[in-house]
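Have the sequence and the 3D view open side by side. We'll start at one residue, then step back to a chain, and finish where two chains touch.

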Amino acid sequence: MIPFNTMVVLCGTGLLGVVSGIIGSFAVLRRRALMGDALAHAALPGICLAFLILGERHLPALLLGALITGTVGVLVVTTLRHATRIKEDAAIGIVLSVFFGAGVVLLRVIQNMPSGNRAGLDHYIYGKAAGMVVQDVQWIGGVCLVVILAAVLLYKEFTLLSFDTAFAATLGWPTLRLDIVMMGLLVIVTVVGLPAVGVVMMAAMLIIPGASARFWTERLHVMLILAAVFGGLTGIVGTWLSATFSRLPAGPVIVLVAAAIFVVSMTFAPRRGILARTLSHVNLRRRTARQNLLRTMYELVERDLDARPAVTPAALTRLRAWTEPHARRLLAAGARVGLIERTSDGHFRLTDRGLLEAVGVVRTHRLWEMFLIEQAHIATDHVDRDADSIEHVLGADIIRDLEDRLVQLGRWPHGTARPPRSPHEIAVDGGVTP
Amino acid sequence: MNPGVLETIRTLSTDDAWVMVVGSLVNVSCGLLGCYLVLRRQSLLGDAISHAILPGLAVAFMLTHSRAVLPMFLGAMAVGVLTAFLSQTIHRVANVPEDASMGVVFTTFFAVGVILITMVARHIDLDPGCVLYGAIEFVGLDMQSRFGLTAPRAFWSLAVVIAVVVGFIVLFYKELKIVSFDAHLATTMGINATLMHYLLMSLVAGTTVAAFESVGSILVVAMLIVPGATAHLLTDRLDRMLMIAAAVGIVSAIMGNILAVHWNTSVAGMMSVVAGLQFATAVVAAPRYGLISRWLHHTSLASRVVREDILAMIYRWHESTRDRSLSAAQVVRALGGGLLPHLAMLHLRVAGLVGPDQTALRLTRAGRDRARGLVRSHRLWESYLAKHFDLPIDHLHEPAERVEHFVSPTLRDRLAEEVIDAKTDPHGRRIPP
């Protein structure tokens, strides 16, 4: 049975993770990831001022103070960016360090006061999740509801704002007001989270779940849900770990759990993950090497296709910048997939299937060469496309035209006993092999 | 200045003097490097590095069981450069936005650092609070004698740092400059931009470490960004920018310490606040890029346009009608009312371009010449547009109304040559000579 206090803390950090994951996703997409960091720092002087004015630790008042200076911080960053030559990064850095410096000055003043009820305030810097009470969790829960509600109601607006602010403005949407709403939510989440995880860790809670979720999907609503799940998991697992190993402070452990999720996402996510990208890169290289081999084999025997004589690896090296061992490796790889066979005297020749595929490759290659030579001005967008199937890139009549020219030049690849008569038929067919 | 503060200055001790010296060394080193960070739009990398070096310090401490300078320095340098490298790599390889990748890296390192420190906290006087605020107040307690001078320990390490920083900037001044303003140009000129980047980052990391124990990370971040940004507002020349940044750093160190002693509060925090105040002053009052000068520039342009509009309006009135009773109130109303037309009217009268009679406005000789020039520019421009662009006749006035204020005499002569045969504008009004 989990003790009640631990339960409260688990709920609090879990909810905090959910809410910061959602609002942080928008910040990450809008390239505003570090705004949360600046905000969290800018909240400190507000907390201290509220304490100085009231003379006691009254949670809503402290949050209000944080909210005010946090908002001022955001406004200063925006003003500096728009009205002066200071760039956004410097503006964020200035707000972050100067506001925090002011906060530290005030904090020290408070600590020097005779009535210095200092308990608590410095927790806003490093955070103290274990000190969470039911009231804190209620606050976080309330903010959580508000943020989710805003994300659902303003989903379309926030989406457009995140991906194309200028377009939203041309549509006549109140981008400035929407931006203020979004930043306002960010401020509120940051302020509520500060006492639990502290300044630096709050920045992590905002950035890491969103950045992790981005790896798994291209769709915003999936990303938001994933970020919420990651954030929640992070909070709960981190708190549980720090409760189990009592010497570890919760904030940093939570961040490390988030970092672990990030590393896993970055490595293993399908399509955007590093592994998947490396794999597709390797596949591409392999396919390119195979196609180069097939084309070279074809060109070596093109004059005598019916006999299809076997070739030596040395013959390949004369046409290509390959070393002989490299050529042998390529041949062996081709033989494994049945495109190439080894003759009894140790030479190599294309199998029937290999010839068929080689014809496709050669045809594409020559069409593409022809196209680049004669009509390259159309092709600028497409040159770096992986054009192994040229029909997908070019229009049917261009291909027909190019094919006719290849036939006239005597460079039309012949693979089967009867060469293809009608280029038209090929274009309609649309496949790689004629 | 408040007499209490003066009193505080009178009671400053030698310890306070050392605090100011050490603070100046930190601020100048950081401020100089910060200029390049600000120019390269990498200010936040300074922030990231100063947070991320924590685990480097902790590991160095755990391995050597001492606060020896060299291992800590090496540990932090390694982590600092690693932060810059990882941020860049995650950004490039995994396609994460640059700021997000930086945020992920430095918060993670910081978390590792805090955990390592709490784990060894029993044997260590490097507590998390000290990481943020530092203990510059106490530099005077740890003195060391070298070369016949007794100075705080931090003074000696920071003196080495500032020498290295200044040496680096002097040695690579040209390279750094080109890399900062145009990295691609630098590459084509055979300067290794990547190498310069990592050299700069390792210097930032090194300075951060050296500054770290004495002043803590907030002051380092503030000093890496604020003086550079302040100087950037005040000048367009790199050499002056470096000097201004250094000056801002020194003023922050001295004033920060005095005010902190006065209010008995955190020295590092106060130094950043003073730097922030200097920045705020520059934002408001910088000669060219400040808000006031931009506002003045804008307003003076706007009021010149209004004055010229008034002159042209009176000219046209007298040209088109025999009625001489155009009043100032009518003119002001035609221009939309408000403060600006009133002031412009007053200005014209004082400058002797418009006669004193308010009910029947009259141009003086000088005013007439000015107005004739404006109207000539306007009508020449209309004729030019009509001749060379296929615009409907009711679309000619609008652009000419805007351009007339910016046509120089030379341009006016060339326009006149272009439309040499036109005696009237497209609306049939005479073009004044």
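Find B:Gly338, which sits in the loop that links helix 15 (328–334) to helix 16 (339–350) in chain B. Keep in mind as you look around that this is a predicted model. Is B:Gly338 buried or exposed? Count its neighbours: 10 other C-beta atoms lie within 10 Å. A residue counts as exposed when that number is 12 or fewer, so B:Gly338 is exposed. Now look for B:Met243, which is 95 residues away from B:Gly338 along the chain. In space, the C-alpha atoms of these two residues are 45 Å apart.

Let's move over to chain A. You'll find 18 helices and two strands in chain A. Its domain assignment has three entries: domain 1 covers 4–208, domain 2 covers 276–350 and domain 3 covers 354–429. Try spotting the first two of these in the view: between the C-alpha centres of domain 1 and domain 2 of chain A there are 61 Å. Chain A has 434 residues, and 46% of them count as buried. If you take the contacts in chain A with a separation of 6 or more, 66% are between residues 24 or more positions apart.

Next, the place where the chains meet. How many residues of chain A are in contact with chain B? The count is 46 residues of chain A against 51 residues of chain B. On the chain A side, the elements giving two or more residues are helix 4 (88–112), helix 5 (123–126), helix 10 (199–214) and helix 12. Helix 4 of chain A provides the largest share, with 16 residues. Sorted by class, this side of chain A has 33 nonpolar, five polar and eight charged residues.

Finally, zoom in on one pair of helices from the two chains. Two packed helices are described by the angle between their axes and the distance between the axes. Helix 12 of chain A (residues 250–268) packs against helix 6 of chain B (residues 98–119) at about 135°, and their axes are 9 Å apart. Because of that angle, helix 12 of chain A is oblique to helix 6 of chain B. The crossing of these two helices is left-handed. From helix 12 of chain A, the residues taking part include A:Val255, A:Leu256 and A:Phe262, while helix 6 of chain B brings in, among them, B:Val104, B:Thr107 and B:Ile115. The residues of this helix contact split into ten nonpolar, two polar and no charged.

Terms used
Residues are numbered from 1 along each chain as its sequence is written. Chains are lettered from A and ligands numbered from 1 in the order in which they are written. This is a predicted model: local features need pLDDT of at least 70, side-chain atom pairs count only at pLDDT 80 or more; totals for chains, interfaces and linings use all residues. Helices (H or I, at least four residues) and strands (E, at least two) are DSSP runs, numbered from the N terminus. A residue is buried if 20 or more other C-beta atoms lie within 10 Å of its own, exposed if 12 or fewer, and partly exposed in between; C-beta atoms are placed from the backbone. Domain bounds come from an automatic or database domain assignment. Axes are lines fitted to C-alpha atoms, for helices over the stretch in contact, and angles run from 0 to 180 degrees between N-to-C directions. Angles under 35 degrees count as roughly parallel, over 145 as roughly antiparallel, 65 to 115 as roughly perpendicular and the rest as oblique. A crossing is left-handed if the near helix is turned anticlockwise from the far one by less than a right angle, and right-handed if clockwise. Two residues are in contact if their C-beta atoms, placed from the backbone, lie within 7 Å. Ala, Val, Leu, Ile, Met, Phe, Trp, Tyr, Cys and Pro count as nonpolar, Asp, Glu, Lys and Arg as charged, and the others, Gly among them, as polar.
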